[in-house]
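I opened this entry to record what I looked up in the model, beginning with one residue and then moving out to the whole chain.

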Amino acid sequence: MDEPENYKPSRRNHRGEPDRTTDGLAFKIAAGIILGLGTLWMVREIVYRYRVSAAMEQLNQKMAIAVQESRAQSAEFDQRAARSRYEAKHANDALPLPTNYRCIGKQLLRRLPNGWEQITDGSAPRYCK
């Protein structure tokens, strides 16, 4: 049998039919698909992690602002509470009497050159306690 110089015998399967797989083409296609999907998955993970880190950074900034506002409100509340406690503690303290005024019982009197004038009859709680 005369065969040409560059003749390559065809592959045959167990039935004697020509083999349709040409030099592992199916394996190469499958490997390409697997590598492509793996690359796609890695890119997706990188993008996802970048978005999550950006969102976390934004959330941290908002939380820092909220904490500062909360501390400012707390300090303001503490100041108001201290002022209220001070005012409540000293609310019953009598005011100092002006010159020439006196309290007798709960009555406020003013000194005149010839005696005393009654200013209030028990309704001067800020001066007469």
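I started at Glu45, which I found in helix α1, residues 25-90 (helices are DSSP runs of H or I with at least four residues, strands are runs of E with at least two, and both are numbered from the N terminus). This is a predicted model, in which local features need pLDDT of at least 70 and side-chain atom pairs count only at pLDDT 80 or more, while totals for chains, interfaces and linings use all residues. Residues are numbered from 1 along each chain as its sequence is written, and side-chain values use heavy atoms, with hydrogens and water left out.

Is Glu45 buried or exposed? I noted Glu45 as buried because its relative accessibility is 17%, where buried means under 20% relative accessible area, exposed over 50% and partly exposed in between, with a 1.4 Å probe and protein chains only. Across the protein chain of 129 residues, 5% count as buried.

Next I looked at the overall layout, and I counted 1 helix and 3 strands in the protein chain, arranged along the sequence as α-β-β-β.

I then turned to the strands and saw that β1 (residues 101-104) pairs with β2 (residues 107-112) in the antiparallel sense over 4 bridges, pairing being called if DSSP finds at least two bridges between two strands. Within this pair, Cys103 has Leu108 in β2 as its bridge partner. The two strands, β1 and β2, form a hairpin with 2 residues between them, and I noted that Gly105 in the turn has a positive phi of about 70°.
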